[in-house]
Each structure stands twice: as C-alpha cells, then as structure tokens.
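User: I should like to learn how to read the features of a two-chain protein model, one at a time. Please give the general idea in each case and then the case at hand.

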Amino acid sequence: MAASDGAEPQLRLSFPAGPEEVRAALLCLRRDLPRLGLDAAEIFRAELLLAELLNNIVEHAYCAERPGPGAGAIELDCRRKGSALIVTLRDRGRPMPGGGLPEKGLAALDVGRQDLPEGGFGLHLVRELADELSYARRDGTNILRVGLGLGRPPAEA
Amino acid sequence: MNLDSSEQPFGLLVTVGDSRIDASVAIQFKDRMRELTAGRPGRILLDLSQVDFVDSSGLGAIVAALKQLEADQTLELAALSPTVSKVFRLTRMDKVFPIHETLEQATGPRANAS
C-alpha cells in the first residue's frame with residue numbers, strides 16, 4: 001500500500017463505494033498515515049475530512065447505501081508534499097451538481113428541539129478542515145483534490 | 001451497534017460499546033436509541049467513553065436520538081474523547097447538548113451540565 005522509493009511518500013487505496021468499505025479504508029489510513037509523518041491530531045483531521053468526502057461520494061455520486069456487484073469504486077491517493085497532505089479521490093459516479101461542493105453554512109441552532117438540523121454537518125466540517133479543495137470532472141470521473149496543511153500547532157481548543 | 005442501558009438513580013444510562021458512530025451504523029444507532037429510551041421519562045445520559053470517532057452521519061444520528069424523545073425526556077452526553085469533542089465544537093453541537101467531562105461529573109451529587 002505504501003510506496004516510498006525515493007519518491008514522495010504515498011498511500012493508495014481502491015475500494016467499492018459502501019459505508020462499511022469507507023470505514024475499513026479510514027481504519028487503514030489511521031494505521032498508515034504515520035508513515036507520511038503526520039501526528040495524531042493531523043491524522044484525526046485527515047480521517048474526519050476523508051470520512052465526510054467519502055460518505056458524500058457513497059451517498060450522492062453513487063447513491064449506494066448497500067454496495068452490490070454493480071457498486072462503483074473509489075480510488076484514494078494520499079501523498080505528502082512538503083508541509084501539506086494532498087489527497088486525491090476519484091469515482092465514476094454522478095457529477096457534483098453545480099460543478100463543486102455546495103456552499104452551505106450550518107443551519108440555525110437557536111431553535112426548538114424538533115427543528116434541530118440532522119444533516120448539513122458534513123459540508124461544514126469539510127470547509128472547516130480542508131485548507132484547499134478543488135473539483136474536476138474528466139472523462140466521466142469525478143476528481144476531488146484536497147489539501148491539508150501539516151505541521152501546525154496541535155488542535156486549538 | 002452495541003448499545004446497552006441501565007436504570008440508575010439519576011435516570012437512564014446508555015452506554016455505547018462501539019468505538020465508532022459513523023455512516024455505517026447511524027441508522028442502527030438511532031433505532032436502538034428509540035428502543036432503549038421509549039417510555040423512560042427524565043434524564044438520559046449517553047456514555048461515549050468508548051467512542052473515538054463520530055462523523056457527520058453519527059452526529060446527525062445523535063441529534064435524531066434527541067429529537068425523537070418526548071418532551072419529558074432530556075439527553076445529556078458524557079466522557080467525550082478529545083476528537084469526538086472536537087466534532088461537537090466544530091459543528092456547534094456542544095451548544096445543543098449538555099456535555100459532562102466524565103460520567104462521575106454527570107451523575108455525582110452536584111452534577112451540573114458544563
């Protein structure tokens with residue numbers, strides 16, 4: 001899974017789009033990201049950010065609650081470039097409407113219990129955690145590239 | 001999804017026995033919470049001490065568990081790991097739930113939500 005012969009340290013995974021598979025992939029990353037020199041706080045940031053992006057692919061690009069024989073694949077490539085972790089996610093599901101992740105803030109929280117939001121947290125977390133985010137659609141493939149700055153002080157309170 | 005409950009002097013204690021509340025168990029979590037909390041008025045305390053990862057789907061399921069309660073029930077959280085705590089802070093859900101640092105603080109004689 002890791003290739004580091006003089007080249008940039010890199011991790012690659014390919015797996016079917018499904019919630020169980022996403023969980024397994026994230027556990028692999030948690031185990032292997034220390035090889036790219038990330039500390040515990042950076043690994044958590046990467047894990048949460050990728051959880052949100054991968055779940056988004058499963059739910060929206062592939063609409064695959066339960067992966068079957070026809071379920072699409074997700075390719076994930078992580079590499080370290082200097083003081084950044086660059087992750088590229090590729091899938092062949094539906095394109096993102098509007099050509100990218102929607103801009104959406106958190107729903108209001110000063111509401112009664114019954115009106116609390118149950119969703120919308122994922123996008124918000126992505127915006128909070130990612131330092132760079134770009135999306136392209138090429139030849140029927142969604143390509144999402146995300147950058148995470150490394151070497152910053154431990155997570156703020 | 002491994003959730004257990006026990007009657008305590010303060011109310012109902014629900015213990016999450018898994019390390020992750022994520023997209024793959026979110027619906028199970030919500031359903032199991034409904035089973036465990038139905039018809040138990042008063043305080044419900046969710047012990048998250050064994051959980052080290054919550055994603056947005058898991059967070060949504062915890063909010064859903066709150067919303068499906070009756071008006072005479074409350075849901076409080078205890079013993080969040082630093083990472084789980086960060087997810088609540090980033091989404092401002094720490095303003096919605098009473099959160100206790102430890103189980104003891106939540107259930108002690110002078111228990112007060114922080």
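Analyst: A residue is called buried at under 20% relative accessible area, exposed at over 50% and partly exposed in between, with a 1.4 Å probe and the protein chains only. In chain A, 45% of the 157 residues count as buried. This is a predicted model, in which local features need pLDDT of at least 70 and side-chain atom pairs count only at pLDDT 80 or more, while totals for chains, interfaces and linings use all residues; side-chain values use heavy atoms, without hydrogens and water. Residues are numbered from 1 along each chain as its sequence is written, and chains are lettered from A and ligands numbered from 1 in the order in which they are written.

User: What is the accessible surface of chain A, and how is such an area obtained?

Analyst: Accessible areas come from the Shrake-Rupley method with a 1.4 Å probe, and for residues only the protein chains shown count as cover. For chain A the surface is about 8100 Å², with 50% of it on carbon and sulfur atoms.

User: Which pattern of helices and strands does chain A follow?

Analyst: Helices (H or I, at least four residues) and strands (E, at least two) are DSSP runs, numbered from the N terminus. Chain A has three helices and six strands, in the order β-β-α-α-β-β-α-β-β along the sequence. A contact means heavy atoms within 4.5 Å. Among the contacts in chain A with a separation of 6 or more, 65% join residues 24 or more positions apart.

User: Is helix H3 of chain A mostly covered or mostly open?

Analyst: Helix H3 of chain A (residues 121–129) is mostly covered, with seven of its nine residues buried. Among them are Phe121(A), Leu123(A), His124(A) and Leu129(A). The buried residues of H3(A) pack against H2, strand E5 (132–138) and strand E6 (141–149) of chain A, and also against helix H2 (56–67) and helix H3 (82–90) of chain B.

User: How much area do chain A and chain B bury between them?

Analyst: Buried area is the accessible area (1.4 Å probe) that two parts lose on being put together, summed over both. Chain A and chain B bury about 2700 Å², 59% of it on carbon and sulfur atoms. Arg23(A), Arg113(A) and Glu118(A) supply 25% of the area that chain A buries against chain B, more than any other three residues. The contact takes 30 residues from chain A and 32 residues from chain B.

User: Which residues are in contact with Asp22(B) and with Leu109(A)?

Analyst: Neighbours within four places in sequence are left aside here; Asp22(B) is then in contact with Arg23(A), Asp55(B), Ser57(B) and Gly58(B). Asp22(B) sits in the loop between strand E3 (20–21) and helix H1 (26–37) of chain B, and counts as buried because its relative accessible area is 5%. Leu109(A), in the loop between strand E4 (84–91) and H3 of chain A, is in contact with Leu116(A), Pro117(A), Thr91(B), Arg92(B), Met93(B) and Val96(B), again leaving aside neighbours within four places in sequence.

User: How many cavities are there of 30 Å³ or more, and which residues line the largest cavity?

Analyst: On a 1 Å grid over the protein atoms alone, a cavity is a set of points where a 1.4 Å probe fits but cannot get out; a pocket is an open set with protein on both sides within 12 Å along at least five of seven lines, and lining residues have an atom within 4 Å of a point. Grid points are joined across faces, edges and corners, and a volume is the space filled by probe spheres set on the points. The count is one cavity of 30 Å³ or more, and the largest cavity holds about 40 Å³. Its lining includes Arg23(A), Asn55(A), Asp22(B) and Asp55(B). H1(A) gives the largest share, four residues.

User: What is the volume of the second largest pocket?

Analyst: The second largest pocket has a volume of about 260 Å³. Of its 15 lining residues, Asn56(A), His60(A), Met96(A), Pro97(A) and Pro102(A) are the closest to the centre. Helix H2 (residues 40–61) of chain A gives the most to this lining, with four residues.

User: Which sign of phi does Asp139(A) have?

Analyst: Most residues other than glycine have a negative phi. Asp139(A) has a positive phi of about 50 degrees although it is not a glycine; Asp139(A) lies in the loop between E5 and E6 of chain A and is exposed, at 74% relative accessibility. Ala79(B) also has a positive phi, of about 65 degrees, but is buried, at 15% relative accessibility.
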